[in-house]
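Reader: I am new to this structure. Please pick one place where helices pack, look at it closely, and then work outward from there.

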Amino acid sequence: MRFLLPPVLLVAAVAASACTGTTTPSAEGTKDNSSIVLADATEPATLNPLLGYGSEGVSKIFDGLVEHRADRTLRPQLAAEAPRPAADGLSWTVKLRTDVKFTDGTTFGAEDVVATYRALLDPASGATVRSKFAMLTGVEQLDAQDVRFTLSKPYAPFPDLLVLGILPSEALAAGGPLATSPVNTRPVGTGPYRLTEWTKGDKMVLEANPEHLEGAPKIKKVTVVFVPDDNTRAQRMEKGELDGTDLPPRLAAKFAQTTGMRVLDHSTADLRAITLPTANPVTGDPAMRLALNSAVNRQGMIDTLLAGKGTAASTPVPAALPEFVDPDATFRYDKAQADFLLDQAGWVKGADGLRARNGVTASFTLMYPTGDVVRSDLATAFAADARAVGVDVQLAGLSREAIVPRLAKDAVLGGEGDPFDPDQALYGMLHTGAAANPAGYSNPEVDAALDAGRTLLDPAQRAAAYVQFQRAYLAAPGLVTLAFVSHTYVVRENWTGYQQVVDPSVHGGLSWGPWWNLQKWTPK
């Protein structure tokens, strides 16, 4: 169900939504700036990387074999050099560093990499990230410094998956279900910070790892408070309780003229799109899907609701991956075309302006998570555009745990995106039978293009496959894609070291956004 929210966060929705305050001292009270207080909208359910924590890297507690950089390239982290593929693409070999320690003082080595990935592969462990590694069949230690991964078939973006945090082998020695592992709440990693406190529903505190492989962070203490409501985070930022947080553009704008604060905009691969469940008699109709894609005024939403902070999206391929984008794959805002398509398909307007066909009213429910200002605004605007062509959209702001059971029948305004490789988001979102395909979309031409895109190793051939995907998708869409939203942050100007980065969909307190390289910031 990753299109709605990463699985690691779904379990925490109840606890996070109950958060109304924190006992964290005022951020402005920090005098030497060696500490920082951040706010995040969502609390993790677990800190176990095998259960989804830090799946895009930069978790602060763990390091992966490689890490993504600001320019979208990969660089070795726990690896000593870039992963090397075999000529047939069926295995990858990784040489490891020999100068790394875990925060408990034990030495990192090949046995830890093997133990982590074998736990991932073990059905008894229940590793939730297993679906991302469907092509991985085995991992073995070749010698003291080399590890080899074996695949069932070539998978071009395999190195991108190796950002997975590595656990010490001792933590996995007992085997069995990871759901009860002590790692979930008392993690040991090699990252720049270590957990010292976690008060569920309130806050998390981390302290710098003085022996991190890239040196001890200058910010010695990081406190993350969990505040799911956008307006509440803005209010607490105003009161001086926070040093930084992410906010919707219209809430962040009021800080632009505030002395000592900086508003930052990050371009993203973070898609906002509406699922169109196949099992629903209205949204499952191909003509209705095409019509709704023509009826929606994407640029108008960006201009009025996002203060211009976003990019209109007709397909789920982000501009952050220009080598894969087909510039001609677009839906034009055309209300007349939408009306024509619905008329031709037999959706007839009644006296009240609403359409119906064979006794079925053109009406469906659109869910969105409560407390998310951007999704609420976009859902309202979409409903107005749909109503203009005779389609009734009933809005339902719900808790995230209430949304999940209804994904097969009711639409949801979801979010997903990866700026590093198209396969990471597209396959799970739209391939037939994929676990993260919440609405049951199925299109053989789309499937074939997605299958080719993940197995072809030649960059030009991969690019051609994703162009073909976009053309097949445009002819029979499974979503109404709206925009790749910018991420907007407010940060106190008490530190140097900020570096712009393109965000994935995951962002916030200890992840992407301004704090993706927080361990390299320096107090002013």
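Author: Start with α13 and α14: the crossing of this pair is left-handed. Keep in mind that the model is predicted. Helix α13 spans residues 423-430, and helix α14 spans residues 444-455. Their axes lie 10 Å apart, and the packing angle is about 150°. α13 is therefore roughly antiparallel to α14. Now look at the residues that touch. From α13 come D423, L426, Y427 and L430. From α14 come V446, D447, L450, D451 and R454. Sort the contact of α13 with α14 by class: five residues are nonpolar, four are charged and none is polar.

Stay on α13 and turn to another partner. Helix α15 covers residues 459-475. The axes of α13 and α15 come within 13 Å, and they cross at roughly 35°. This crossing, too, is left-handed. On the α13 side, the contact uses D423, L426 and L430. On the α15 side, R462, Y466, F469 and Y473 meet them. By class, that makes five nonpolar residues and two charged ones, with no polar residue. Compare the lists for α13. D423, L426 and L430 appear in the contact with α14, and they appear again in the contact with α15.

Next, the sheets. One open sheet has six strands, and its order is β14-β21-β13-β20-β18-β19. The pairing in this sheet is mixed. β14 (310-312) and β19 are the edge strands. Each has a single partner strand, so one side of each has no neighbour in the sheet. From one strand to the next, the twist averages 30°.

Which helix packs on this sheet? It is α11, which touches β13 (271-275), β18, β19, β20 and β21 (479-485). The direction of α11 makes about 165° with that of β18.

Follow β18 sideways. On one hand, β18 (residues 363-369) pairs with β19 (residues 392-398). These strands are parallel and share seven bridges. Within that pairing, T365 has Q394 of β19 as its bridge partner. The chain leaves β18, passes through α11 (residues 373-387) and arrives at β19. This β-α-β crossover is right-handed. On the other hand, β18 runs parallel to β20 (residues 411-416), joined by two bridges. Here M367 stands opposite V412 of β20.

There is also an open sheet of four strands. Its order is β4-β5-β7-β6, and its pairing is antiparallel. At the edges are β4 (84-85) and β6 (136-141), each paired on one side only. Inside, β5 (residues 91-95) pairs with β7 (residues 146-151) over five bridges. W92 finds its bridge partner in β7 at F149.

β7 has β6 as a partner too, antiparallel and joined by five bridges. In that pairing, G138 faces T150 of β7. β6 and β7 form a hairpin, with four residues between them. Across β6 and β7 lies helix α3 (residues 110-121). α3 runs at about 160° to β6.

To trace the tour again, start at α13, which packs with α14 at about 150° and crosses α15 at roughly 35°. Then go to α11 on the six-stranded sheet. End at α3, across the strands β6 and β7.

Definitions and conventions
Residues numbered from 1 in each chain as written. Predicted model: local features only at pLDDT ≥ 70, side-chain atom pairs only at ≥ 80, totals over all residues. Heavy atoms only, no water. Axes fitted to C-alpha atoms, helices over the stretch in contact; angles between N-to-C directions. Parallel < 35°, antiparallel > 145°, perpendicular 65-115°, else oblique. Left-handed = near helix turned anticlockwise from the far one by under 90°. Contact = heavy atoms within 4.5 Å. Nonpolar A, V, L, I, M, F, W, Y, C, P; charged D, E, K, R; others polar. Pairing = 2+ DSSP bridges. Right-handed = clockwise from strand over helix to strand, strands pointing away.
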